[in-house]
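Reader: I am new to reading protein models. Could you take me through this one by question and answer?

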Amino acid sequence: MSEVRKIALITGANKGIGFEIARQLGAQGITILVGVRDQVRGEEAVHKLMAEDIDANAIHLDVTNQATIDAAAAFIEQTYRKLDILVNNAGISVKEGGTLPSQLAFEDVLKTFATNVFGVFAVTKAMLPLLHRSEAGRIVNLSSEMGSLTINGDPTSFIANIPPTLAYNASKTTLNALTVFFAKELRDTHIKVNSVSPGYVATDLNGHSGFLTTEQGAKVPVVFATLTSDGPTGGFFGENGMIPW
Ligand SMILES: NC(=O)c1ccc[n+]([C@@H]2O[C@H](COP(=O)([O-])OP(=O)(O)OC[C@H]3O[C@@H](n4cnc5c(N)ncnc54)[C@H](OP(=O)(O)O)[C@@H]3O)[C@@H](O)[C@H]2O)c1
């Protein structure tokens, strides 16, 4: 272990965009903590990263389980003392396509928020003391244009004709609120907090209907995980710059 190496924790990093973020950050010489809720899938991901000479470790972390979050924070504290990058990537989408808001099951809203919002809050809160020990802490929240109230409220937008997926979209809107409030608290520190959209990426989350590869989708999150000190905080960004809230 070296104090000079940057340490990055990526939640839900065993597959999809999270795995690719891990790969791209690892290729920059950053030590990767692969946050996983399934240890076997985690070890498989770590082996793939190590085959590319990336320094990677699996870390058991179910963002809906406070005990695993606390244990992960304790492990990072004992092993590395600090954390430089937290990528809140873990996210779910219940099968709500075509279900109108008025027909949506309350449990599906609760389930989606438990992972996409409350999980991010709990992980961020637990990791903040470690991020404060970094010279340049970076928090990246994986959001989506689907969470933009401006885009959702515009009857001429590119999603105007898609039935609203309330649970997922509102979870990302609320995630953006977390970004704003944590960034406000941390404005006078070395920690920057931003929401990013990876674009529409082919992954298990959307049945591989996205038109971008995970390599393309990881690009913006990686840029914001490695921002220099003059970079922005408290914003919402995609590959074409700022996204309206
Ligand atoms: N794909 C897109 O087009 C798109 C667009 C905008 C935003 N995003 C966001 O990007 C992020 C990654 O999505 P993806 O497309 O890569 O999806 P994915 O391939 O389905 O991967 C999701 C990851 O999150 C993990 N996860 C789910 N619930 C978890 C929990 N409670 N605790 C810890 N890990 C958990 C999954 O682990 P398991 O393998 O154990 O299930 C998996 O590793 C999500 O936040 C998503 O909302 C995706």
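Reader: Is Lys-82 buried or exposed?
Author: Bear in mind that this is a predicted model. Lys-82 sits in the loop between helix H3 (66-79) and strand E4 (85-88). Its relative accessibility is 10%, and the cut-off for buried is under 20%. So Lys-82 counts as buried.

Reader: Which side chain does the side chain of Lys-82 make a polar contact with?
Author: Start from the place of Lys-82, the loop between H3 and E4. From there its side chain makes a polar contact at 2.9 Å. The partner is the side chain of Asp-84.

Reader: Now the ligand. Which residues come nearest to it?
Author: The ligand has 29 residues around it. Helix H1 (16-26) and helix H6 (166-185) each supply at least two residues of this shell. By class, the shell has 11 nonpolar, 12 polar and six charged residues. The nearest are Asn-14, Asn-89, Tyr-168, Val-201 and Thr-203.

Reader: How much of the ligand's accessible area does the protein cover?
Author: Look at some polar atoms first. An oxygen atom of the ligand is 2.9 Å from a polar backbone atom of Ile-17. One ligand nitrogen atom is 2.9 Å from a side-chain N or O atom of Asp-62, and a nitrogen atom of the ligand is 3.0 Å from a polar backbone atom of Val-63. On its own the ligand has 910 Å² of accessible area, and the protein covers 95%.

Reader: What span is expected for H6?
Author: H6 has 20 residues. The expected rise is 1.5 Å a residue. From first C-alpha to last, the helix reaches 28 Å, close to the expected 28 Å.

Reader: Which elements do the buried residues of H6 pack against?
Author: The buried residues of H6 include Tyr-168, Leu-175 and Phe-182. Two of the packing partners of the buried set are helices, H4 (106-132) and H5 (149-152). The others are strands E5 (138-142), E6 (192-196) and E7 (236-238).

Reader: Is Thr-11 buried or exposed?
Author: Thr-11 lies in the loop between strand E1 (7-10) and H1. Beyond four places in sequence, its contacts include Gly-35, Leu-61, Val-87 and Val-123. Its relative accessible area is 1%, so Thr-11 is buried.

Reader: Which backbone nitrogen atoms does the side chain of Thr-11 reach?
Author: Asn-89 and Ala-90 are both among the contacts of Thr-11. The Thr-11 side chain reaches one backbone nitrogen at 2.9 Å, that of Asn-89. It also reaches, at 2.9 Å, the backbone nitrogen of Ala-90.

Reader: Where is Thr-226, and which backbone oxygen lies 2.8 Å from a polar atom of its side chain?
Author: Thr-226 is in the loop between helix H8 (219-225) and E7. With a relative accessible area of 22%, it is partly exposed. Leaving out residues up to four places away, it touches Leu-25, Gln-28, Ile-30 and Ile-85. The backbone oxygen at 2.8 Å belongs to Val-222.

Reader: Is Asp-53 buried or exposed?
Author: Asp-53 is in the loop between helix H2 (39-50) and strand E3 (56-60). Its phi is near 65°, a positive value in a residue other than glycine. The cut-off for exposed is over 50% relative accessible area. Asp-53 has 74%, so it is exposed.

Reader: What is the phi of His-208?
Author: His-208 is in the loop between E6 and helix H7 (214-217). At 48% relative accessibility, it counts as partly exposed. It is not a glycine, yet its phi is positive, about 60°.

Key:
Residues numbered from 1 in each chain as written. Predicted model: local features only at pLDDT ≥ 70, side-chain atom pairs only at ≥ 80, totals over all residues. Heavy atoms only, no water. Near = heavy atom within 4 Å. Polar contact = N/O pair within 3.5 Å; in protein donor to acceptor, adjacent residues only side chain to side chain. Areas by Shrake-Rupley, 256 points an atom, 1.4 Å probe, with all protein chains shown as cover. Helix = DSSP H or I, 4+ residues; strand = E, 2+ residues; numbered from the N terminus. Nonpolar A, V, L, I, M, F, W, Y, C, P; charged D, E, K, R; others polar. Expected span 1.5 Å × (residues − 1). Buried < 20%, exposed > 50% of the residue type's maximum accessible area, 1.4 Å probe, protein only. Contact = heavy atoms within 4.5 Å.
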